[in-house]
Amino acid sequence: MEKTCTEVWNSCLQIIKDNIPNQSFKTWFEPISALKLEGKVLTIQVPSLFFYEWLEEHYVGLLRKTVKKFLGEEGRLEYNIVVDTSSKTGSPYTTNMPSNGNGAEGKVQSMPVPVAINKDIKNPFVIPGLKKLNVDPQLNANYTFENYIEGDCNRLARSAGYAVAAKPGGTSFNPLMIYGGVGLGKTHLAQAIGNEIKRNMPDKLVIYVSCEKFCQQFVDSLKNNTINDFVNFYQAMDVIIMDDVHNFAGKEKTQDIFFHIFNHLHQSGKQVILTSDKAPKDLSGLEERLLSRFKWGLSADLQVPDLETRIAILKKKMYADGIDLPGEVVEYVAHNIDNNVRELEGAMVSLLAQSTLNKKDIDLSLAKQMLKNFIKNTSKEISMEYIQKLVCEYFEVPVEMVKSQTRKREIVQARQISMYLSKSHTKSSLKTIGAFFGGRDHSTVIYACQTVEDLIDTDKKFKAYVHDIQKKLKMS
């Protein structure tokens, strides 16, 4: 009995899932659906051209191997790409593309030029003299890729930003929307792209502007009757970096003027980089036509950095400032300040200032005393909720799974250790602990604690896990 396209693709997914990180699988493979299987050619549908390019660049080898495993050496993969369109029907259309991993060399398709342009004709779209101006990009020279620590929390956004910096306007990431909470590095990353472009392509006209500044400039141009100069200036840029576009909310006329500037830049192959505190789909107060354009390229989120990334950020700053602090002090700061990078760096600046002014080394007790104003807002009580969060972060498992009924080994281990530590470090009763961890009874908690104690006595690796987590609890 021949397999269906869905069965073949699901079999491929099982292999792929075992060979890449779980988050990467969810991001790049879960949105894909199998469309058809004709002979030895499997066609899958991907949501955008960006998906196609990313899969071909990063996973083409893995895809080729898995397809051939289930379809034989003649097995080939073809993509059906959903292409967004702003047509009146609002319906997307699709286009088929072969995989470069099929063994045959791809053919470059050229589009015919409909009209022969006479070079003597004056181009009305070029603004005379403007390209000769030396435009200050308004960039902070300290915001570079070298100073931007990469981690799981920002890897997609940083990789996309680096691709844009290497080929502004020439990738599918146009516009590139970087979004995330306060202090997570949106402005740093956006300006790092601008600085990298100016470093490698100094003739490019790059401008960084906050949304509030842009709105104020627009109002001033209306007052001074210089609206054409305002529009012409921004349309002449090669790269526009617009910070905090959520501030466009409610400003209809400013949105309208930016809509036209955006269209001109995009159609001219120029690069647009945007930052926001929310994903495009969650922005309110913006016109639908503007939001739809924000979704054309790539929307990449920045998340709260994990412990390892926070430690790396602190060490980078220490190195830049020529300061050496004890490892336990760095770990203490990284453990207790996890809201955002800006607050983390602020705490380190405070420590460095105290170290310089007092002319003495900083130990853990002094660090705790000096940073109490920072940690007051972020300090965590030793509660079951905090223990659960710490254990899940340590074993890299979702918090909600610990309370679920799943019996996966890694989840059960995290649940049992969480119960054991809750019994040791809180005043909660066995019944309360069981209820917190998914409505279980007190006998389950007793069994979990006994299991953990037995493993501590017999398994050195497990014992190291528990002691490491207990150390982190003490530091908080």
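**Entry 1: the parallel sheet**

I began with the sheet of five strands, which is open, parallel and ordered E6-E7-E8-E5-E9. Strand E6 (206–210) and strand E9 (298–302) sit at the edges, each pairing on one side only. I looked up the turn between neighbouring strands of this sheet: the average is 15 degrees, direction ignored. I note here that the model is a predicted one.

Next I took one pair from the sheet. Strand E5 (residues 176–180) runs parallel to E8, and four bridges join them. Across this pair, I found Ile178 opposite Thr275 in E8.

Which helix lies across E5, E6, E7, E8 and E9? I found helix H6 (residues 186–200) there, running at about 150 degrees to E5.

**Entry 2: the way into E5**

I stepped back along the chain to the loop between H5 and E5, where Pro175 has its place. The peptide bond joining Asn174 and Pro175 is cis, with omega at about 5 degrees.

I then picked a residue in helix H5 (residues 155–166), namely Ala163. Is Ala163 buried, partly exposed or exposed? Its relative accessibility is 26%, so I log Ala163 as partly exposed. The cut-off for buried is under 20%. Leaving out residues up to four places away in sequence, Ala163 touches Thr171 and Phe173. I also took the C-alpha distance from Ala163 to Ile193: 9.1 Å, across 30 residues of sequence.

**Entry 3: nonpolar cores**

I met Ile193 again in the largest nonpolar core, which has 52 residues. Ile193 is among those that touch the most other members, together with Trp9, Phe29, Leu55, Leu63 and Tyr79. Helix H1 (residues 5–17) supplies the largest share of this core, six residues. Another core, of 30 residues, lies apart from it; Leu205, Met237, Phe258 and Leu283 are among its members.

I followed Leu55 further. What does Leu55 contact once its neighbours within four places are set aside? I list Trp28, Phe29, Ile32, Val46, Val60, Leu63 and Tyr79.

For context, nonpolar side chains in soluble globular proteins tend to be buried together.

**Entry 4: the E1–E2 hairpin**

I turned to strand E1 (residues 33–38), which pairs with E2 in the antiparallel sense over five bridges. Ala34 has Ile44 of E2 as its bridge partner. Two residues separate the strands of this hairpin, and Gly39 there takes a positive phi near 65 degrees.

Why do I call strand E2 (residues 41–46) largely enclosed by the rest of the structure? Five of its six residues are buried, so the label follows.

**Entry 5: positive phi outside glycine**

I looked at two residues other than glycine. Gln138 has a positive phi of about 65 degrees. I place Gln138 in the loop between E4 and H5. Its relative accessibility is 45%, so Gln138 counts as partly exposed.

Glu396 has a phi near 55 degrees, also positive. I find Glu396 in the loop between helix H16 (384–395) and helix H17 (399–402). Glu396 reaches 68% relative accessibility and therefore counts as exposed. The threshold for exposed is over 50%.

**Entry 6: Gln416**

I checked a glutamine in helix H18 (residues 409–425), Gln416. Is Gln416 buried or exposed? Its relative accessibility is 14%, so I count Gln416 as buried. Beyond four places in sequence, Gln416 touches Tyr447, Ala448, Thr451 and Val452.

**Entry 7: confidence**

I read off the pLDDT: the chain averages 81, and 85% of the residues score at least 70. Which elements mark the two ends of the range of mean pLDDT? Strand E4 (residues 93–98) has the lowest at 59, and strand E8 (residues 271–276) the highest at 94.

I flagged two stretches. Residues 85–91 have pLDDT below 50, with three contacts in the model beyond near neighbours in sequence. Residues 103–127 stay under 50, with one contact beyond four places in sequence.

**Entry 8: whole-chain figures**

I closed with totals. The chain has 21 helices and nine strands. Of its 476 residues, 44% are buried. Among contacts with a separation of 6 or more, 72% link residues 24 or more positions apart. The accessible surface comes to about 26,500 Å², and carbon and sulfur atoms hold 50% of that area.

Notes. Residues are numbered from 1 along each chain as its sequence is written. This is a predicted model: local features need pLDDT of at least 70, side-chain atom pairs count only at pLDDT 80 or more; totals for chains, interfaces and linings use all residues. Side-chain values use heavy atoms; hydrogens and water are left out. Buried means under 20% relative accessible area, exposed over 50%, partly exposed in between (1.4 Å probe, protein chains only). Contact means heavy atoms within 4.5 Å. Accessible areas come from the Shrake-Rupley method with a 1.4 Å probe; for residues, only the protein chains shown count as cover. A nonpolar core is a set of buried Ala, Val, Leu, Ile, Met, Phe, Trp, Tyr and Cys residues joined through side-chain atoms within 4.5 Å. pLDDT is the predictor's confidence in each residue, from 0 to 100. Two strands pair if DSSP finds at least two bridges between them. Axes are lines fitted to C-alpha atoms, for helices over the stretch in contact, and angles run from 0 to 180 degrees between N-to-C directions.
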